[in-house]
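Hi everyone, thanks for coming. I'd like to walk you through one structure today, so have a look at the screen.

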Amino acid sequence: MADRVLFVCHANLCRSPMAEHLARRLLADRPVTVASAGTDAMDGLGMHPYAMEVVAESGADAAAFRTRALRPEYLVDATLVLTATRRQRSICTALAPSALHRTFTLHQFGRLAAAAEPPVESADDPLRAAVAAAAQARGRLQPAAPDEDDLRDPIGGAAADFRRCAEEIERSLRPLAALIGAAG
């Protein structure tokens, strides 16, 4: 069974679905599945039109995407939970305390993965090995300013704001993809 990365934002309309689709492309050759949900999402809505545009520009089709409200079982089943903000990270760990050590903001995990030392040997479970390596890097890095951990919500902005958000997401995901590659 493939490991799962769960992306979480507020309404599951913009940031987490863009992250889901970008991660699916970046991790296509890895035994990892990706999903998303929102802490305050209503089930069954389509993605924001500008987010759909960004996803289409990356080569994916988001027409079938539907929002999902966050449920504790999604968190329990995930190998790694990446949230858009510190507030959402807190909500996730309150809903599923067992997910605490594998729940990070997307920016936080990107910094940790970039600073992590890759596992020396190839792991049978590269995502779990990547999460463990990133968690070990936590003690070597200075904490970031709180606002550096939050991914700004582009809702209410122009298409360019959604593109900038997607670029930030991809910058944070690249170290994860590299670390999984090094672990596997």
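I'll start with the sheet, then go to the helices lying across it, and finish with a cavity.

One thing up front: this is a predicted model. Okay, the sheet. There are four strands here, forming an open sheet, and if you read across it the order is β2-β1-β3-β4, with parallel pairing. Out at the edges sit β2, residues 32-38, and β4, residues 103-105, and each of those pairs on one side only. From one strand to the next, the twist averages 25 degrees.

Let's zoom in on one pair. β1 and β2 run parallel and share seven bridges. If you want a spot to click on, find Arg-4: standing opposite, in β2, is Thr-33.

Now the helices. α6, residues 126-137, lies across β1, β2, β3 and β4, at about 55 degrees to β1. Then there's α5, residues 106-115, which lies across β1, β3 and β4 and runs at about 100 degrees to β4.

Last stop, the cavity. How many cavities of 30 Å³ or more does a search of the whole structure find? Just one, and its volume is about 50 Å³. Which elements give two or more residues to its lining? Those are β1, α1 and β3, with α1 giving the largest share, three residues. The lining includes Phe-7, Val-8, Arg-15, Ser-16 and Leu-82. By type, the lining residues split into eight nonpolar, two polar and one charged.

That's my tour, thanks for listening!

Note on methods. Residues are numbered from 1 along each chain as its sequence is written. This is a predicted model: local features need pLDDT of at least 70, side-chain atom pairs count only at pLDDT 80 or more; totals for chains, interfaces and linings use all residues. Side-chain values use heavy atoms; hydrogens and water are left out. On a 1 Å grid over the protein atoms alone, a cavity is a set of points where a 1.4 Å probe fits but cannot get out, and a pocket is an open set with protein on both sides within 12 Å along at least five of seven lines; lining residues have an atom within 4 Å of a point. Grid points are joined across faces, edges and corners, and a volume is the space filled by probe spheres set on the points. Ala, Val, Leu, Ile, Met, Phe, Trp, Tyr, Cys and Pro count as nonpolar, Asp, Glu, Lys and Arg as charged, and the others, Gly among them, as polar. Two strands pair if DSSP finds at least two bridges between them. Axes are lines fitted to C-alpha atoms, for helices over the stretch in contact, and angles run from 0 to 180 degrees between N-to-C directions. Contact means heavy atoms within 4.5 Å.
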